[in-house]
Amino acid sequence: MELIGLSDGDNSFRVRVLGRRSPGVLHLHDQLDAEVPIASSFVSGRPAMSLFPSDLEDWSRALDLLAAGQDICWRDDDHSPEIRIQPHNEEA
C-alpha cells in the first residue's frame, strides 16, 4: 500500500507499506515493513523502515495538516527516515 507518491516526471519519492513484519508472532504482529523508494537523475535508493499503528495514526494527522496547507514532519524520532513536506506556496 502506498502512503504517498510524489513525482515531477524526473524525480520521485514514495512511502510504501510492504506488509506485516512477522504475522502470527504476537509481539511483532502489528509491526509493518515499509520502504521509501527515491529516484532522481543523480541518486536512487530504497531505505527500509518499520511502522507501528501509532505511526499510521501520526501519518493521518500529518495528512490533515498538509491538506490545511501546513508543513509536516513525520517520523522525527532519530531512528527512522524523517519525512518533511512543505506545500508549494504561490506567493513565495
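## A guided tour, starting from Ser12

Select Ser12 to begin, a residue that lies in strand E2 of what is a predicted model. With a relative accessibility of 24%, Ser12 counts as partly exposed, since the buried class ends under 20%. If sequence neighbours up to four places away are set aside, the contacts of Ser12 are Leu6, Ser7, Pro37, Ile38 and Ala39. Measuring from C-alpha to C-alpha in the viewer, one should find Ser12 and Ser40 at 6.6 Å from each other, although 28 residues separate them in sequence.

**The surface patch**

From Ile38, one of the contacts of Ser12, extend the selection to Phe42 and Val43, because these three residues form a nonpolar patch on the surface. Together they have about 310 Å² of accessible area. Within this group, Phe42 sits in the loop that runs between strand E4 (38-39) and strand E5 (44-45), and its relative accessibility of 72% places Phe42 among the exposed residues.

**Arg14 and its partner**

Return to strand E2 and select Arg14 together with Glu2, which form a salt bridge whose closest N and O atoms are 3.7 Å apart. Since Arg14 belongs to strand E2 and Glu2 to strand E1, the pair ties together parts of the chain that are 12 residues apart in sequence. Both ends of this bridge are partly exposed: Arg14 has a relative accessible area of 24%, while Glu2 stands at 43%. The structure holds 7 salt bridges, and the next stop shows how some residues are linked through them.

**The network around Glu35**

Select Arg16, Glu35 and Arg46, which are linked in a network of salt bridges. Glu35 lies in strand E3 and, at 13% relative accessibility, counts as buried. Its side chain makes a polar contact of 2.4 Å with the side chain of Arg16, and the side chain of Glu35 also makes a polar contact with that of Arg46, at 3.1 Å. The Arg46 and Glu35 side chains meet in a salt bridge, again with 3.1 Å from N to O. This pair links distant parts of the chain, for Arg46 is in the loop between E5 and E6 whereas Glu35 is in strand E3, 11 residues away. The two partners fall into opposite classes of accessibility, Arg46 being exposed at 51% and Glu35 buried at 13%. To see the wider surroundings, display the residues that Glu35 touches beyond four places in sequence, namely Arg14, Val15, Arg16, Leu18, Arg46, Pro47, Ala48 and Met49.

**Ala34 and Ser50**

Step to Ala34, which is also in strand E3 and is buried, with a relative accessibility of 3%. Its contacts, again without neighbours within four places in sequence, are Arg16, Val17, Leu18, Pro47, Ala48, Met49 and Leu51. Of these, Ala48 is a useful one to pick for a distance label: Ala34 and Ala48 are 14 residues apart in sequence but 5.9 Å apart in space, C-alpha to C-alpha.

Continue to Ser50 in strand E6, whose side chain is joined to that of Gln31 by a polar contact of 3.3 Å. Outside four places in sequence, Ser50 is in contact with Arg21, Gln31, Leu32, Asp33, Asp55 and Arg75.

**The nonpolar core**

Now colour the largest nonpolar core, which has 15 residues, with Leu3, Val15, Met49, Leu51, Trp59, Trp74 and Ile85 having the most contacts inside it. At least two residues of this core come from each of strand E1 (2-7), strand E2 (12-20), strand E3 (32-35), strand E6 (48-51), helix H1 (53-67), strand E7 (72-74) and strand E8 (83-85). In soluble globular proteins, nonpolar side chains tend to be buried together. Centre the view on Trp74, whose contacts beyond four places in sequence are Leu3, Val15, Met49, Leu51, Asp55, Asp58, Trp59, Pro81, Glu82 and Ile83.

**Last stop: helix H1**

Asp58, one of the residues in contact with Trp74, leads to the final selection, for which Arg61 should be shown as well. These two form a salt bridge in which the closest N and O atoms are 2.4 Å apart. Both Asp58 and Arg61 lie in helix H1, where 3 residues, about one turn of the helix, separate them. Asp58 counts as partly exposed at 34% relative accessibility, and Arg61 is likewise partly exposed, at 47%.

Terms used: Residues are numbered from 1 along each chain as its sequence is written. This is a predicted model: local features need pLDDT of at least 70, side-chain atom pairs count only at pLDDT 80 or more; totals for chains, interfaces and linings use all residues. Side-chain values use heavy atoms; hydrogens and water are left out. A nonpolar core is a set of buried Ala, Val, Leu, Ile, Met, Phe, Trp, Tyr and Cys residues joined through side-chain atoms within 4.5 Å. Buried means under 20% relative accessible area, exposed over 50%, partly exposed in between (1.4 Å probe, protein chains only). Helices (H or I, at least four residues) and strands (E, at least two) are DSSP runs, numbered from the N terminus. Contact means heavy atoms within 4.5 Å. Patches are made of residues with over 30% relative accessible area and no salt bridge: like charges are joined within 9 Å, nonpolar side chains (Val, Leu, Ile, Met, Phe, Trp, Tyr) within 5 Å. Accessible areas come from the Shrake-Rupley method with a 1.4 Å probe; for residues, only the protein chains shown count as cover. A salt bridge is a side-chain nitrogen of Lys or Arg within 4 Å of a carboxyl oxygen of Asp or Glu. A polar contact is a pair of N or O atoms within 3.5 Å; within protein, one must be able to donate a hydrogen and the other to accept it, and residues adjacent in sequence count only if both atoms are side-chain atoms.
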